[in-house]
Amino acid sequence: MRGFLHHMIRQENGPRSRATHWKQTVLYLEDVLTICEGETIIGSMTVAPNKKNPRDVDIMVKYSLSGRRCVVSRVQFYKMR
């Protein structure tokens, strides 16, 4: 295709890399889940700007597991600043 520039974009996000506007986080669950082969964790995640501060992000995680060793159903809320 003539007229288009193709170039590689490289995004580094390691601890020694230059800071970017991208954010990373870890969402810890309140439960310890024990899952056996063939079982399935069912869940969903909702991410939205905070109503009071649009720079914050509200996160809702729903998950459930009905297994041989673990039965749990929970909704957890997080705020990323």
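Start by selecting R74, which counts as partly exposed because its relative accessibility is 29%. Keep in mind that this is a predicted model.

**Stop 1: R74 and its partners**

Stay on R74 and add E30. The two form a salt bridge, with the closest N and O atoms 3.1 Å apart. This pair joins distant parts of the chain: R74 sits in strand β3, E30 in the segment before β1, and 44 residues separate them. Check the surroundings of E30 too. E30 is exposed, because its relative accessible area is 57%, and the cut-off for exposed is over 50%.

Now add D31. R74 forms a salt bridge with D31 as well, and here the closest N and O atoms are 2.6 Å apart. Again the link spans distant parts of the chain, from R74 in strand β3 to D31 in the segment before β1, 43 residues apart.

Show E30, D31 and R74 together. Salt bridges link them in a network. How many salt bridges does the structure hold? It holds 2.

**Stop 2: E39**

Move to E39. Look for it in the segment before β1, the strand that runs over 42–49. E39 is buried, yet it has no salt bridge. Which side chain of opposite charge is nearest to E39? Select R68: its side chain is 4.1 Å away. A salt bridge needs the nitrogen within 4 Å of a carboxyl oxygen, so a pair beyond that cut-off does not count.

Keep R68 on screen and show its backbone. The backbone nitrogen of R68 lies 2.8 Å from a polar atom of the E39 side chain. Then bring up the other neighbours. Leaving out residues up to four places away in sequence, E39 touches T34, L65, G67 and R68.

**Stop 3: the largest nonpolar core**

Next, select I59, V61, Y63, L65, C70, V72, Y78 and M80. These 8 residues make up the largest nonpolar core. Colour the strands β2 (57–66) and β3 (71–80): each supplies at least two residues of the core. Which strand gives the largest share? It is β2, with 4 residues.

**Stop 4: C70**

Finish on C70, a member of that core. Show what surrounds it. Setting aside residues up to four places away in sequence, C70 touches V32, L33, T34 and L65.

Two of these names have come up before. T34 and L65 are among the residues that E39 touches, and L65 also belongs to the core. Keep C70, E39, T34 and L65 selected to see these contacts in one view.

Note on methods:
Residues are numbered from 1 along each chain as its sequence is written. This is a predicted model: local features need pLDDT of at least 70, side-chain atom pairs count only at pLDDT 80 or more; totals for chains, interfaces and linings use all residues. Side-chain values use heavy atoms; hydrogens and water are left out. A nonpolar core is a set of buried Ala, Val, Leu, Ile, Met, Phe, Trp, Tyr and Cys residues joined through side-chain atoms within 4.5 Å. Buried means under 20% relative accessible area, exposed over 50%, partly exposed in between (1.4 Å probe, protein chains only). Contact means heavy atoms within 4.5 Å. Lys and Arg count as positive and Asp and Glu as negative; His and the chain ends are not counted. A polar contact is a pair of N or O atoms within 3.5 Å; within protein, one must be able to donate a hydrogen and the other to accept it, and residues adjacent in sequence count only if both atoms are side-chain atoms.
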